[in-house]
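User: Please pick one part of this model and look at it closely. What packs around it, and what lies elsewhere?

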Amino acid sequence: MARYRGPVVKLMRREGLNLFLKNSHTLHKEKSSLEKRKYPPGLPPKKKGKVTEYGAQLREKQKVKRAYGVLEKQFRRYFEEASHTPGIPGENLLQFLERRLDNVLYRMGFAVTRRQARNFVAHRHILVNGHRVDICSYRVNVGDKIEIREKFQKSTFIEENIKLAQAINRTASWVSVDYTKFSGEVTSLPTREHIDIPVKEQVIVELYSK
């Protein structure tokens, strides 16, 4: 399964945005590398060039891809499906990404980053409707019940993540969670208002529609 394994801070610096790809950026209030170095990685350009229309479209696409941890081939498949689904293509695209199992686990508060959630799923610590699922891109539906496998419930990761989620009340409104039972349920499909990533999805549609 292909995935990005490099430094995630560089990705966030390139986008000029905290995409919550690293624990320290999510948990601590102290100045992060992103705040200290407000410029893209690499040598600074001698002259700041004008951003082209294509450049702006590319940045929006990369921002979403990196936030959800998907590579180009898979992202394009999501777009193709979104464009053939009734509704607004850009919003369909974001909804499909939100409904990924790794993202749902993150939204429920059982993981502090989507990358950590992906590891939990890949190591078969997650049950969906009573069955083990190790596919991070598994798409949840309304009524699906997500549970932490019993042997993993006493993990330090899970205990700390639950304490944090309860402290900052960061559970998404389209899921319900019972931390005492280490489980949650998808109560409705996410809408555009539920997605907190500052992205112009229509720009991505225009990029792929050329």
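Analyst: Axes here are lines fitted to C-alpha atoms, for helices over the stretch in contact, with angles from 0 to 180 degrees between N-to-C directions. The model is predicted: local features need pLDDT of at least 70 and side-chain atom pairs 80 or more, while totals for chains, interfaces and linings use all residues. Numbering starts from 1 along each chain as its sequence is written, and side-chain values use heavy atoms, without hydrogens or water.

The part I pick is α10, residues 201-208. Helices (H or I, at least four residues) and strands (E, at least two) are DSSP runs numbered from the N terminus. Of the 8 residues of α10, 6 are buried, so the helix is largely enclosed by the rest of the structure. Buried means under 20% relative accessible area, exposed over 50%, partly exposed in between (1.4 Å probe, protein chains only). The buried residues of α10 are E201, V203, I204, V205, L207 and Y208. Their cover includes α4, α5 and α6.

Take α5 as one partner. It packs against α10 at an angle of about 100 degrees, and the two axes are 12 Å apart. The two helices are therefore roughly perpendicular (65 to 115 degrees; under 35 is roughly parallel, over 145 roughly antiparallel, the rest oblique). On the α5 side, the contact (heavy atoms within 4.5 Å) uses E72, F75, R76 and F79. On the α10 side, I204, V205 and Y208 take part.

Now α6, residues 89-98. Its axis comes within 8 Å of that of α10, and the two cross at roughly 105 degrees. This pair, too, is therefore roughly perpendicular. P89, G90, E91, L93 and L94 of α6 make the contact. They meet E201, I204 and V205 of α10. I204 and V205 thus appear in the contact with α5 and in the contact with α6.

E91 has a further relation in space. E193 is 102 residues from E91 in sequence, yet their C-alpha atoms are 10.0 Å apart. E193 belongs to the loop between β5 (183-186) and α10. It is exposed, at 69% relative accessible area.

Y208 leads on to the nonpolar cores (buried Ala, Val, Leu, Ile, Met, Phe, Trp, Tyr and Cys residues joined through side-chain atoms within 4.5 Å). The largest such core has 27 residues. Those with the most contacts inside it are L101, V104, L105, I126, I146 and I148. Two or more residues come from each of α7 (101-108), α8 (114-122), β1 (126-128), β3 (145-148) and α9 (156-168). The biggest share, 5 residues, is from α7. Apart from this core lies another, of 18 residues, which includes V64, Y68, Y78 and Y208.

Back in the largest core, I148 touches L105, F110, H125, I126, Q153, I158 and F182, leaving aside residues up to four places away in sequence. F182 sits in the loop between β4 (175-178) and β5. It is buried, at 18% relative accessible area. Its phi is positive, about 55 degrees, although it is not a glycine. N129, in the loop between β1 and β2, also has a positive phi, near 55 degrees. N129 is partly exposed, at 39%.

The helices around α10 also carry charged pairs. The structure holds 8 salt bridges (a side-chain nitrogen of Lys or Arg within 4 Å of a carboxyl oxygen of Asp or Glu). One of them joins K61 to E72, with the closest N and O atoms 2.9 Å apart. K61 is in α4 (residues 53-68) and E72 in α5 (residues 72-83), so the bridge ties together parts that are 11 residues apart in sequence. K61 counts as buried, at 9% relative accessibility. E72 counts as partly exposed, at 27%. E72 is also one of the α5 residues in contact with α10.

From α5, E81 reaches R139, and the closest N and O atoms of this salt bridge are 2.8 Å apart. R139 lies in the loop between β2 (131-132) and β3, so the pair ties together parts that are 58 residues apart in sequence. E81 is partly exposed, at 35%. R139 is partly exposed as well, at 24%.

R107 bridges to E98, with 2.9 Å between the closest N and O atoms. Both residues of this pair are buried. Finally, shared partners join K61, K65 and E72 into one salt-bridge network.
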